[in-house]
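Colleague: Please take a close look at the largest pocket in this model. Which residues line the largest pocket, and how do the residues of its lining divide into nonpolar, polar and charged?

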Amino acid sequence: MKKFASFYGFNDRNALLYGEETLGGAMLRAIRQTEEEYAEMQQALLQLGRDIDRESRSNLKRALAACSPSEPQQSRQ
């Protein structure tokens with residue numbers, strides 16, 4: 001599970017991951033989180049979302065630039 005999660009940027013700071021631990025164990029950790037721990041996890045997850053958004057927009061700009069001609073073409077009349 002952790003290999004899959006890390007590929008997408010999830011880690012112990014922004015997600016409740018489990019590997020050798022069972023799903024039930026991870027759920028118990030979630031229940032036992034303090035409000036502060038939960039808030040920190042939320043903030044880390046929001047930051048991951050912003051990072052993914054920024055990378056996605058950058059990739060889109062690069063892709064569009066690669067598809068666009070380098071010089072504007074004159075219209076034919």
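Modeller: The largest pocket is lined by Asp 12, Arg 13, Ala 15, Leu 16, Leu 17, Arg 29, Gln 33, Glu 37, Glu 40 and Met 41. This is a predicted model, and the space in that pocket comes to about 180 Å³. By residue type, the lining holds 5 charged, 4 nonpolar and 1 polar. Asp 12, Arg 13, Arg 29, Glu 37 and Glu 40 are the charged ones, because Asp, Glu, Lys and Arg count as charged. Helix H3 supplies the largest share of the lining, 3 residues.

As for confidence, helix H3 (residues 35-67) has the highest mean pLDDT in the chain, at 96. The lowest mean, 84, belongs to helix H1 (residues 2-7). Over the chain the average pLDDT is 90, and 88% of the residues score at least 70. Where pLDDT is low, the predicted coordinates should not be read in detail.

Away from the pocket lining, there are 2 aromatic pairs in the structure. One of them joins Phe 7 and Tyr 8 edge-to-face, with 4.9 Å from centre to centre and 80° between the planes. That angle counts as edge-to-face because it is over 60 degrees. Phe 7 has a relative accessibility of 65% and is therefore exposed, the cut-off being over 50%. Tyr 8, at 44%, is partly exposed. Ring pairs also bring in Phe 4, which forms a cluster with Phe 7 and Tyr 8.

Terms used. Residues are numbered from 1 along each chain as its sequence is written. This is a predicted model: local features need pLDDT of at least 70, side-chain atom pairs count only at pLDDT 80 or more; totals for chains, interfaces and linings use all residues. Side-chain values use heavy atoms; hydrogens and water are left out. Rings of Phe, Tyr and Trp (its six-membered ring) pair if their centres lie within 6.5 Å; planes under 30 degrees apart count as stacked, over 60 as edge-to-face and the rest as tilted. Buried means under 20% relative accessible area, exposed over 50%, partly exposed in between (1.4 Å probe, protein chains only). pLDDT is the predictor's confidence in each residue, from 0 to 100. Helices (H or I, at least four residues) and strands (E, at least two) are DSSP runs, numbered from the N terminus. On a 1 Å grid over the protein atoms alone, a cavity is a set of points where a 1.4 Å probe fits but cannot get out, and a pocket is an open set with protein on both sides within 12 Å along at least five of seven lines; lining residues have an atom within 4 Å of a point. Grid points are joined across faces, edges and corners, and a volume is the space filled by probe spheres set on the points.
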